[in-house]
Amino acid sequence: MTRAREEIVALDKRYVWHPYTQMERYIEQADPFVIDRAAGARIWDKSGRSYIDANASWWVAALGHGHPRLVEALTEQARTLAHVALAGTTHEPAALLAEALVARAPRGLTRVFYSDDGSTALEAAIKMALGYQRRRGRPERTRFVSLQGAFHGETLGVTALGGVEVFRRPYAGVLMDVVFVEPPPFGDEIGEVASSALARVLDEHQDGVAAVVLEPILQGAEGMKIYTPAFLRSARQACDRHDILFVADEVFTGYGRTGPFWAVDHAGVSPDILATAKGFSGGMLPMAATLASDRVFEAFFGPADAAFYYGHSFCGNPLGARVALEVLRVFDDERVLEGIELRAKKIADAFAALGRVEGCRDARAIGMVGAVDLGSGGYLGAAGWRAHEKARELGAYLRPLGDTVYVAPPLNIPLPDLEELLQIVGESVRSALG
Ligand SMILES: *Cc1c(COP(=O)(O)O)cnc(C)c1O
């Protein structure tokens, strides 16, 4: 690929529609990064300048860019079998990956359903929950309970479960009816008010609710909001009282992002259904999985029309499955989780220091995520974008969530890169406020 930067930008502005972007302003004003290549925690632009990828490219590059073992696995698989339908056929990558995933999964999750990305993993989860209740003779249980500030993806089904107001508003008129519950506020370790509110909702609506769906511990898209594990334990109990399913969306939090392999591990609870994507395929290609318990799986046994009628063209794609299997092997061989501890401490210390800067609010950190709010504008706020501009000058790609500046770098980011990144974040935040 050898075209000049100006030509690429011109074609991009002429033809490409970017996600989550006001295109009118973008076409007039934006000076986008034009990225040529990436390796480890860095991305390089056309001029040969490198930037530290502070958000692991929208949270997917868990093992950094271009990990040699993932590249090798992908290349070899591409030469052998790139795709075959998973219908009346199976293949080694899908079978071995399912075995390895179940071995890693929270207790009781024994079955693996493949799809393409986080949204479809959640879409499959909510359809499983509806099917489960119907098969158990309770077809009236069609509603979901989710959390204020939740983000579960982009399809219309899971958009309904989303509690980030800006993303939800344009579709409000056509979305499923969902009951939203407030998660415990940051710093409330007991979470009693939120827990009782959730229990009350489930007691009241039990006959109409199929499942509770939540991002355990850390709500990403809402602005890296952290809540106490105690809330997960009481949610699990409240679901059990009424045979309401507990669905954990680990698309962002899974694979060590918050420290342990799964965020539900902070609370020692097992969901009935768990969705994983993003880091699942190491940021290499789109691939996702929805894990289910025997109880959920077996509810679909019986006559032909009881089957789970759901499946995407690329379900169980061998390239994705082979890479996802290699991701798990790299986690073991390179002791990725063990390496998080030291890095997490550096992130926590750096954000604690930012918390003492005037104008910074709610500095917080968990595992490989650190965040701070520079204003109260939320997702449409501008302060985070000033930090983004400064970070670009200093050599980091620090895309904010509006007024929230955060880092969620590759889990194995080299220590010198992490130190440089945290330095740049500090300087960029101070500059954005000054
Ligand atoms: C990103 C995300 C999704 C959606 O995943 P896509 O791969 O973007 O479809 C769902 N849930 C959570 C918690 C996410 O962070």
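Several helices and one strand, namely helix 1 (5-15), helix 2 (23-29), strand 1 (35-39), helix 3 (56-59), helix 7 (156-160), helix 8 (165-168) and helix 14 (383-394), each supply at least two residues of the lining of the largest pocket. Helices (H or I, at least four residues) and strands (E, at least two) are DSSP runs, numbered from the N terminus. This is a predicted model, in which local features need pLDDT of at least 70 and side-chain atom pairs count only at pLDDT 80 or more, while totals for chains, interfaces and linings use all residues. Residues are numbered from 1 along each chain as its sequence is written, and side-chain values use heavy atoms, with hydrogens and water left out.

**The largest pocket**
- The lining of the largest pocket has 50 residues, and Pro19, Tyr20, Thr21, Trp385 and Arg399 are those that lie nearest its centre.
- By class, this lining of the largest pocket divides into 27 nonpolar, 12 polar and 11 charged residues, where Asp, Glu, Lys and Arg count as charged, Ala, Val, Leu, Ile, Met, Phe, Trp, Tyr, Cys and Pro as nonpolar, and the others, Gly among them, as polar.

**The ligand and its shell**
- The residues around the ligand, each with a heavy atom within 4 Å of it, include Trp59, Asp117, Phe151, His152, Glu215 and Phe252.
- The shell around the ligand has 4 nonpolar, 4 polar and 4 charged residues.

**Atom distances at the ligand**
- A polar backbone atom of Gly118 is 2.8 Å from an oxygen atom of the ligand.
- A nitrogen atom of the ligand lies 2.6 Å from a polar side-chain atom of Asp249.
- In the side chain of Lys278, an N or O atom is 2.7 Å from an oxygen atom of the ligand.

Methods: A polar contact is a pair of N or O atoms within 3.5 Å; within protein, one must be able to donate a hydrogen and the other to accept it, and residues adjacent in sequence count only if both atoms are side-chain atoms. On a 1 Å grid over the protein atoms alone, a cavity is a set of points where a 1.4 Å probe fits but cannot get out, and a pocket is an open set with protein on both sides within 12 Å along at least five of seven lines; lining residues have an atom within 4 Å of a point.
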